[in-house]
Amino acid sequence: MTKKIYSDFNYSENHFDTNNHSSLKNIWPPFSQLKEFTNLGQVISANDAILYREQGIPLIDAISSWWVTLHGHSNQYIANAISTQALKLEQVIFADFSHPQAELLANRLSSITGLEKLFFSDNGSTAVEVAIKIACQYWVNKQQSRKQIIAFEGAYHGDTFGAMAVGERNIFNAPFEKMLFPVERIKWPETWWSDEDVENKEKDSLDKLERLLEEPTIAVILEPLVQGAGGMRMVRPSFLKAVEEKVKEANSLLIADEVLTGFGRCGSIFAFKKANIKPDLISLSKGLTGGFLPMGVTMATQEIFNLFVGDNPNLTFWHGHSFTANPLGCAAANASLDLLLNNPQKYKNYEKRHNYFMNVLKKHPKVSRPRICGTIAAFNIKADGPSGYLNQSGKALKEFAVKNGVFIRPLGDVVYLLPPLCLTDEQLEKCYLTIINWLNSI
Ligand SMILES: *Cc1c(COP(=O)(O)O)cnc(C)c1O
């Protein structure tokens, strides 16, 4: 572990300024209004759940660095796999060649998901784009004219155009509204502990789904069990089962965006397994490489794949990325799978760990809608101001937490923990105590 002296960190000195001479002057950071951008400094190393900065106290990474770090930072086993692979084969064009790590990964993911075919891309957004494009062309290849796509309110599927189109229309994609293809939407019947209205909400959504599905539909896309960026909004597994039944009855396709929920995050290896459903297409990324390298994959059934095979070039799925099946990414993904499959109790037991603390938190007068799904725990702050992403209360909590050695990034008034699997009991306790201390202070 890195040993160094940690000086106190001063927020005000690190405001982003496009005109200043700081080392940040040539950088355009993601998902941030730069006028009020506060940079938490350079991270120079990280180990397991801890981020070490050049200045400032070490931080517990309680959100897995935007939900990607699965086992822990700088995991030795995955780092070794990447390093070994880099000295053997770093990249090769995948349209003309294959390589052992890609074939191994495809075999393994296919046998775990039950979907026979794997298509490689670069990140979560492209894994979703590929799923949408395959679904659209599937019906074209079948010579059926279909236009309707159905998605859920509050969904987030990524930042490329197709992914934006199926996501919730909001401030993030408003400038592009006119360029996004139309999508029909259904309310996501989110639920929480002691929610008495859940059955009504589910029934309303299912009724609307059934009505919409009267029109021949290309696909229904959803984030199984948890809508992530939309505010860690959770549904019951039985709701997904009911959705699946309606989609199958209507002879449409079901796309599961497991970019966040995959690889144990929801307490089973994939969220769709917990809901006992079988999607036709599955998008994966984030935890796929253990959070080491950007890579996305889209799984498809043999039945879908078969529609793309034939003498007519029009049947071809003309899609590919420069770094398709990058061997380093595949090596990381295979190593990550080794760790996951060898220690399933690590993600299976997480719910119990959260449960203990959430049972304390739920009694706090400032806490509403407590909820847990596998490794993800969330609640809403009872705060003044607008509800949702633009509520300011989460920001104050974030500042407080960082000063106390915990990195979290609330979604407006939604506070959540989504830690790497390696987080110790002491570290988890520290995360919860920090949140409770802040709640007591407001
Ligand atoms: C993060 C996310 C995406 C987009 O993935 P990127 O790698 O950021 O492009 C898509 N879908 C879901 C459910 C996500 O959480």
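Me: Before we start on this predicted model, what counts as a helix here?
Reply: Helices are DSSP runs of H or I, numbered from the N terminus. The minimum length for such a run is at least four residues.

Me: Which residue just after α4 takes a positive phi?
Reply: Look just past the end of α4. The backbone there has a positive phi of about 60°, and the residue that takes it is Q143.

Me: How far apart are the end C-alpha atoms of α4, and what span should its residues give?
Reply: Helix α4 covers residues 124-141, which is 18 residues. At 1.5 Å a residue they should span 26 Å. The two values agree, because the end C-alpha atoms are 25 Å apart.

Me: Is α4 mostly covered or mostly exposed, and how many of its residues are buried?
Reply: Buried means under 20% relative accessible area. By that cut-off α4 is mostly covered, and the buried count out of its 18 residues is 15.

Me: What does the side chain of N123 reach at the start of α4?
Reply: N123 sends a side-chain oxygen towards the backbone at the start of the helix. That oxygen comes to within 3.0 Å of its partner, the backbone nitrogen of S125.

Me: S125 also turns up around the ligand; how far is its polar side-chain atom from the ligand oxygen?
Reply: The ligand's surroundings include N123, G124 and S125, along with W67 and H157. From a polar side-chain atom of S125 to an oxygen atom of the ligand, the distance is 2.6 Å.

Me: Which residue has a polar side-chain atom 2.7 Å from a ligand nitrogen?
Reply: K286 has a side-chain N or O atom 2.7 Å from the ligand, but its partner there is an oxygen atom. For a nitrogen atom of the ligand, the residue is D257.

Me: How much of the ligand's area does the protein bury?
Reply: Start with the ligand taken alone, which exposes 380 Å². The shell around it divides into four nonpolar, five polar and three charged residues. Of the ligand's exposed area, the protein buries 83%.

Me: How many bridges join β13 to β14, and which way do the strands run?
Reply: β13 is residues 367-373, with six of its seven residues buried. It forms a hairpin with β14, with two residues between them, and G374 in the turn has a positive phi of about 60°. V367 stands opposite I381 in β14. The bridges number five, and the strands run antiparallel.

Me: Which strands are the edges of the open four-stranded sheet?
Reply: The order is β1-β2-β3-β15, with mixed pairing. Inside it, β2 and β3 pair in the antiparallel sense over two bridges, and I50 stands opposite I60 in β3. The edge strands, each pairing on one side only, are β1 and β15.

Conventions:
Residues are numbered from 1 along each chain as its sequence is written. This is a predicted model: local features need pLDDT of at least 70, side-chain atom pairs count only at pLDDT 80 or more; totals for chains, interfaces and linings use all residues. Side-chain values use heavy atoms; hydrogens and water are left out. Buried means under 20% relative accessible area, exposed over 50%, partly exposed in between (1.4 Å probe, protein chains only). Two strands pair if DSSP finds at least two bridges between them. A residue is near a molecule or strand if one of its heavy atoms lies within 4 Å of it. A polar contact is a pair of N or O atoms within 3.5 Å; within protein, one must be able to donate a hydrogen and the other to accept it, and residues adjacent in sequence count only if both atoms are side-chain atoms. Accessible areas come from the Shrake-Rupley method with a 1.4 Å probe; for residues, only the protein chains shown count as cover. Ala, Val, Leu, Ile, Met, Phe, Trp, Tyr, Cys and Pro count as nonpolar, Asp, Glu, Lys and Arg as charged, and the others, Gly among them, as polar. The expected span of a helix is 1.5 Å times one less than its number of residues.
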